[in-house]
Amino acid sequence: MLRKFKSWFGRTAPASVLQFSTQPVTLQGITYQLKKAAEPDVPEMLAVERRIYAGRQPWDARAFHSELRRYDKALYLNAYQNGHLVAYIGTWFTPREAHVTNLAVDPDWQQRGLGRFLLETMIERARAAGTPRVTLEVRVDNMPAIALYHSVGFRDGAIKPNYYIADQMDARNMILDLPAEKESD
(Lines give C-alpha, C1' and ligand atoms only; values in the text may rest on other atoms or scores of the structure.)
Protein backbone atom coordinates (compact mmCIF):
# COMPACT_ATOMS: atom_id res chain seq x y z
CA MET A 1 0.00 0.00 0.00
CA LEU A 2 2.79 2.43 0.88
CA ARG A 3 4.43 1.74 -2.48
CA LYS A 4 1.15 2.58 -4.27
CA PHE A 5 0.84 5.79 -2.26
CA LYS A 6 4.41 6.87 -3.07
CA SER A 7 3.90 5.95 -6.72
CA TRP A 8 0.73 8.02 -6.98
CA PHE A 9 2.10 11.09 -5.23
CA GLY A 10 5.45 10.73 -6.97
CA ARG A 11 3.98 11.34 -10.40
CA THR A 12 4.41 14.76 -11.85
CA ALA A 13 1.90 16.97 -13.58
CA PRO A 14 2.12 17.89 -17.25
CA ALA A 15 4.42 20.92 -17.47
CA SER A 16 1.81 22.94 -19.37
CA VAL A 17 -0.59 22.80 -16.40
CA LEU A 18 1.97 24.42 -14.12
CA GLN A 19 2.95 27.22 -16.48
CA PHE A 20 1.17 30.52 -16.03
CA SER A 21 1.72 34.02 -17.39
CA THR A 22 0.51 37.09 -15.51
CA GLN A 23 -2.80 38.31 -16.88
CA PRO A 24 -5.51 40.82 -16.06
CA VAL A 25 -8.94 39.48 -15.12
CA THR A 26 -12.07 41.60 -14.80
CA LEU A 27 -14.89 40.38 -12.54
CA GLN A 28 -17.94 42.47 -11.71
CA GLY A 29 -16.23 45.57 -13.09
CA ILE A 30 -13.06 45.17 -11.02
CA THR A 31 -9.75 44.33 -12.68
CA TYR A 32 -7.32 42.03 -10.90
CA GLN A 33 -3.83 40.91 -11.86
CA LEU A 34 -3.56 37.13 -11.72
CA LYS A 35 0.03 35.96 -11.15
CA LYS A 36 1.78 32.72 -10.39
CA ALA A 37 2.76 32.78 -6.70
CA ALA A 38 6.41 32.60 -5.68
CA GLU A 39 8.21 32.40 -2.35
CA PRO A 40 8.61 36.21 -1.99
CA ASP A 41 4.76 36.36 -1.91
CA VAL A 42 4.51 34.29 1.28
CA PRO A 43 4.28 37.24 3.74
CA GLU A 44 1.27 38.64 1.85
CA MET A 45 -0.32 35.18 1.63
CA LEU A 46 0.14 34.78 5.39
CA ALA A 47 -1.52 38.15 6.00
CA VAL A 48 -4.60 37.04 4.03
CA GLU A 49 -4.64 33.72 5.95
CA ARG A 50 -4.57 35.54 9.28
CA ARG A 51 -7.41 37.86 8.27
CA ILE A 52 -9.57 34.93 7.24
CA TYR A 53 -8.74 32.54 10.04
CA ALA A 54 -8.49 34.95 12.98
CA GLY A 55 -8.61 32.91 16.18
CA ARG A 56 -7.88 29.66 14.31
CA GLN A 57 -4.61 28.17 13.20
CA PRO A 58 -3.82 29.31 9.64
CA TRP A 59 -1.06 27.91 7.48
CA ASP A 60 2.39 29.03 8.53
CA ALA A 61 5.29 30.30 6.41
CA ARG A 62 6.95 26.89 6.35
CA ALA A 63 3.83 25.29 4.85
CA PHE A 64 3.62 27.91 2.09
CA HIS A 65 7.33 27.69 1.28
CA SER A 66 7.07 23.90 1.10
CA GLU A 67 4.08 24.09 -1.26
CA LEU A 68 5.69 26.68 -3.53
CA ARG A 69 8.82 24.53 -3.86
CA ARG A 70 6.83 21.65 -5.35
CA TYR A 71 7.62 22.80 -8.86
CA ASP A 72 6.64 19.46 -10.42
CA LYS A 73 3.14 19.27 -8.89
CA ALA A 74 1.83 22.53 -7.42
CA LEU A 75 0.46 25.69 -8.96
CA TYR A 76 -0.49 28.64 -6.77
CA LEU A 77 -2.16 31.69 -8.30
CA ASN A 78 -2.43 35.05 -6.58
CA ALA A 79 -4.98 37.75 -7.39
CA TYR A 80 -3.92 41.34 -6.83
CA GLN A 81 -6.01 44.48 -6.89
CA ASN A 82 -4.09 47.77 -7.04
CA GLY A 83 -0.93 45.95 -5.99
CA HIS A 84 -2.45 44.27 -2.92
CA LEU A 85 -2.94 40.51 -2.64
CA VAL A 86 -6.66 39.84 -2.20
CA ALA A 87 -6.98 36.11 -2.96
CA TYR A 88 -5.08 32.97 -3.88
CA ILE A 89 -5.56 29.33 -4.74
CA GLY A 90 -3.19 26.39 -4.64
CA THR A 91 -3.60 23.08 -6.42
CA TRP A 92 -1.55 19.92 -6.79
CA PHE A 93 -1.78 18.25 -10.18
CA THR A 94 -1.10 14.57 -10.81
CA PRO A 95 -2.33 12.40 -13.68
CA ARG A 96 -5.08 10.97 -11.45
CA GLU A 97 -6.25 14.02 -9.56
CA ALA A 98 -6.05 17.76 -9.08
CA HIS A 99 -6.23 18.53 -5.37
CA VAL A 100 -7.07 22.06 -4.23
CA THR A 101 -4.87 22.63 -1.20
CA ASN A 102 -5.95 26.15 -0.36
CA LEU A 103 -8.45 28.75 -1.55
CA ALA A 104 -8.49 32.05 0.30
CA VAL A 105 -10.20 35.36 -0.39
CA ASP A 106 -9.55 38.32 1.90
CA PRO A 107 -12.75 39.07 3.86
CA ASP A 108 -12.97 42.57 2.33
CA TRP A 109 -12.98 41.00 -1.15
CA GLN A 110 -15.42 38.14 -0.65
CA GLN A 111 -18.77 37.89 -2.46
CA ARG A 112 -17.32 39.36 -5.67
CA GLY A 113 -16.91 36.13 -7.63
CA LEU A 114 -13.17 35.90 -7.08
CA GLY A 115 -13.17 32.57 -5.21
CA ARG A 116 -15.41 31.00 -7.85
CA PHE A 117 -13.22 32.35 -10.64
CA LEU A 118 -10.03 30.96 -9.08
CA LEU A 119 -11.66 27.59 -8.45
CA GLU A 120 -13.04 27.39 -12.00
CA THR A 121 -9.61 28.36 -13.37
CA MET A 122 -8.01 25.37 -11.64
CA ILE A 123 -10.86 23.07 -12.71
CA GLU A 124 -10.32 24.09 -16.34
CA ARG A 125 -6.58 23.47 -16.05
CA ALA A 126 -7.31 20.00 -14.66
CA ARG A 127 -9.79 19.32 -17.47
CA ALA A 128 -7.29 20.48 -20.11
CA ALA A 129 -4.66 18.14 -18.64
CA GLY A 130 -7.07 15.19 -18.81
CA THR A 131 -7.21 14.82 -15.05
CA PRO A 132 -10.30 12.76 -14.14
CA ARG A 133 -11.20 14.52 -10.88
CA VAL A 134 -10.66 17.51 -8.62
CA THR A 135 -10.74 17.08 -4.84
CA LEU A 136 -10.46 19.26 -1.77
CA GLU A 137 -11.16 19.28 1.95
CA VAL A 138 -13.33 21.86 3.68
CA ARG A 139 -14.29 22.43 7.30
CA VAL A 140 -17.70 20.87 7.91
CA ASP A 141 -18.89 24.16 9.45
CA ASN A 142 -17.80 26.34 6.49
CA MET A 143 -21.21 26.52 4.85
CA PRO A 144 -20.41 29.37 2.39
CA ALA A 145 -17.46 27.40 0.98
CA ILE A 146 -19.47 24.17 0.82
CA ALA A 147 -22.24 26.01 -1.05
CA LEU A 148 -19.67 27.38 -3.53
CA TYR A 149 -18.19 23.92 -4.11
CA HIS A 150 -21.64 22.36 -4.63
CA SER A 151 -22.55 25.16 -7.06
CA VAL A 152 -19.66 24.26 -9.37
CA GLY A 153 -20.46 20.53 -9.25
CA PHE A 154 -18.52 19.06 -6.32
CA ARG A 155 -20.21 16.23 -4.46
CA ASP A 156 -19.80 15.32 -0.81
CA GLY A 157 -17.24 12.67 0.04
CA ALA A 158 -16.15 11.14 3.32
CA ILE A 159 -15.83 13.03 6.58
CA LYS A 160 -12.27 13.21 7.92
CA PRO A 161 -12.53 13.36 11.72
CA ASN A 162 -10.34 15.92 13.50
CA TYR A 163 -8.69 16.94 10.23
CA TYR A 164 -8.11 20.44 11.58
CA ILE A 165 -6.04 19.50 14.59
CA ALA A 166 -5.90 22.86 16.38
CA ASP A 167 -9.65 22.90 17.09
CA GLN A 168 -10.47 19.23 16.38
CA MET A 169 -12.81 20.19 13.56
CA ASP A 170 -13.82 17.61 10.99
CA ALA A 171 -13.31 18.11 7.27
CA ARG A 172 -15.48 16.97 4.41
CA ASN A 173 -13.72 15.60 1.36
CA MET A 174 -15.35 16.94 -1.77
CA ILE A 175 -15.00 15.50 -5.26
CA LEU A 176 -15.65 16.83 -8.74
CA ASP A 177 -15.54 14.18 -11.45
CA LEU A 178 -14.41 15.52 -14.81
CA PRO A 179 -15.80 13.51 -17.70
CA ALA A 180 -13.32 12.51 -20.35
CA GLU A 181 -13.64 14.58 -23.48
CA LYS A 182 -15.34 12.69 -26.29
CA GLU A 183 -13.27 12.11 -29.38
CA SER A 184 -14.84 13.47 -32.52
CA ASP A 185 -15.03 11.30 -35.63
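This is a short tour of a predicted model, moving from the whole chain to one pair of helices.

Begin with the whole protein chain in cartoon view, where the secondary structure comes to 6 helices and 8 strands, and where the elements, followed from the N terminus, run α-α-β-β-α-α-β-β-β-α-β-α-β-β. Of the 185 residues in the protein chain, 43% count as buried.

Next, select helix 5 (residues 114–128) together with helix 6 (residues 143–151), whose axes come within 11 Å and cross at roughly 45 degrees. The two helices are therefore oblique to each other, and helix 5 passes helix 6 in a right-handed crossing.

To see where these helices touch, show the side chains of Gly115, Arg116 and Leu119 in helix 5, which meet Leu148, Tyr149 and Ser151 in helix 6. Sorted by class, this contact of helix 5 with helix 6 has 3 nonpolar, 2 polar and 1 charged residues.

Now keep helix 6 alone and colour its buried residues, which are Ala145, Ile146, Leu148 and Tyr149. If you turn the view to look down the axis of helix 6, these buried residues fall within an arc of 160 degrees, so they line one face of the helix. The face turned away from that buried side carries Met143 and Pro144, which are exposed.

Finally, bring the surroundings back by selecting strand 5 (98–105), helix 5, strand 6 (133–139) and strand 8 (169–177), against which the buried residues of helix 6 pack.

Conventions:
Residues numbered from 1 in each chain as written. Predicted model: local features only at pLDDT ≥ 70, side-chain atom pairs only at ≥ 80, totals over all residues. Heavy atoms only, no water. Axes fitted to C-alpha atoms, helices over the stretch in contact; angles between N-to-C directions. Helix = DSSP H or I, 4+ residues; strand = E, 2+ residues; numbered from the N terminus. Parallel < 35°, antiparallel > 145°, perpendicular 65-115°, else oblique. Left-handed = near helix turned anticlockwise from the far one by under 90°. Contact = heavy atoms within 4.5 Å. Nonpolar A, V, L, I, M, F, W, Y, C, P; charged D, E, K, R; others polar. Buried < 20%, exposed > 50% of the residue type's maximum accessible area, 1.4 Å probe, protein only. Arc of directions from axis to C-beta.
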